[in-house]
Amino acid sequence: MSLDLFSQIIVIFLLAAAGYAARKRSMINDQIQTGLSSIVLSISVPASILAAANMDMDPRQLNNIVVILVGALVYFIVALALGMLLGRLLWLNPKQQVIFTNLVGFSNAAFIGYPIIKIFLPTTGIFLASFFVLVFNLCFFTFGIGRTAGQTRFSLRSIFGNINTLACFIMVALYFLQLKLPSPLQTTLETLGNLSTPLSMLVIGSMLANIRIKDLFTTPSLYLSTALRLLILPTITFLIVRGLALPGQAATVLLIMSGLPSASLTVIAAEKYSCEPLYASKGVLLSTLLFLGTIPYIAFLQAFLA
């Protein structure tokens, strides 16, 4: 791991620590935390996606895009199938099986993924990661939401009504049509996009300060979901992408996105449909807490893909 990358990881820790301290000193409360999360997901992340379209067409990127789309689809199929199988073997109740599967299968691709990928691929990371997120949204808003709600049908509106999905499609159109945004608008989008890392880490630190850490370690099945999410799945992904000698940038995106903590959308869906929300919250927070310790491991693996 390079010194520059190590320094950026330290910054991630310090930002989360600042959020933790701000919450403890009552500078951040539930309302502010919710507001910051909304700013990240509804303003900063979409802005960073749109800003990423401002690149000249490179035929070599087409190969990366195809690899990421196919790799992401295979990844979700395998991860979700593994989560379903293990959920049954652990003798969890039906609702916990659904949440366990979501915790294992779905990573926090937008909220944490975009800020992290910028560390490893500062120029092209957001652009390429957006294709992974497209597949994520397709899988989560069909399979993930459907099982959580106990539905057998899904709505296209739930997929395409997501602002980040729309931003991804607009970005793709701008890129392939080589349409350049006016300079003031491009600068504004880049500035807003740069807020995603500090704001998301402040929120994570605030979340961790709002709970008793020992309460996260009282549910054994969540040890397994967290180990799969942060260690086992990224290790398997690394072995596959390295063994197949996939393009370096595409391989990096697949590795980083496979090693993120569980998606916060799992908690939102669980609360909305009364599907074990406490179990979901503990799983997401446990993986988020331990992710701060597994970032160096992911960085170590990524060094072999460069």
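Which side chains meet in a salt bridge? Keep that in mind as we walk through this predicted model; the tour ends at the answer.

**Stop 1: the whole chain.** Show the protein as a cartoon and colour it by secondary structure. You will find 14 helices and zero strands. Follow the sequence from start to end and the pattern is α repeated, helix after helix.

**Stop 2: overall dimensions.** Switch to the C-alpha trace and turn it around. Along its principal axes, the trace spans about 50 × 45 × 40 Å. The radius of gyration is 18 Å, which agrees with the value near 19 Å for a compact globule of 306 residues.

**Stop 3: inside and outside.** Now display the surface. The protein exposes about 13700 Å², and carbon and sulfur atoms supply 69% of that area. Of the 306 residues, 52% count as buried. Next, think about who touches whom: among contacts between residues at least 6 apart in sequence, 85% join residues at least 24 apart.

**Stop 4: the charges.** Select the charged residues and give the two signs their own colours. There are 17 positive and 8 negative charges, and their mean positions lie 9 Å apart.

**Stop 5: the salt bridge.** The structure holds one salt bridge. Select Arg23 and Asp30 and show their side chains: these are the partners, with N to O at 2.6 Å. Are the two partners buried or exposed? Arg23 has a relative accessible area of 12%, so it counts as buried, being under the 20% cut-off. Asp30, at 46% relative accessibility, counts as partly exposed.

Key
Residues numbered from 1 in each chain as written. Predicted model: local features only at pLDDT ≥ 70, side-chain atom pairs only at ≥ 80, totals over all residues. Heavy atoms only, no water. Helix = DSSP H or I, 4+ residues; strand = E, 2+ residues; numbered from the N terminus. Rg over C-alpha atoms; globule rule 2.2 N^0.38 Å. Buried < 20%, exposed > 50% of the residue type's maximum accessible area, 1.4 Å probe, protein only. Contact = heavy atoms within 4.5 Å. Areas by Shrake-Rupley, 256 points an atom, 1.4 Å probe, with all protein chains shown as cover. Lys, Arg positive; Asp, Glu negative; His and termini not counted. Charge placed at Lys NZ, Arg CZ, Asp CG, Glu CD. Salt bridge = Lys/Arg side-chain N within 4 Å of Asp/Glu carboxyl O.
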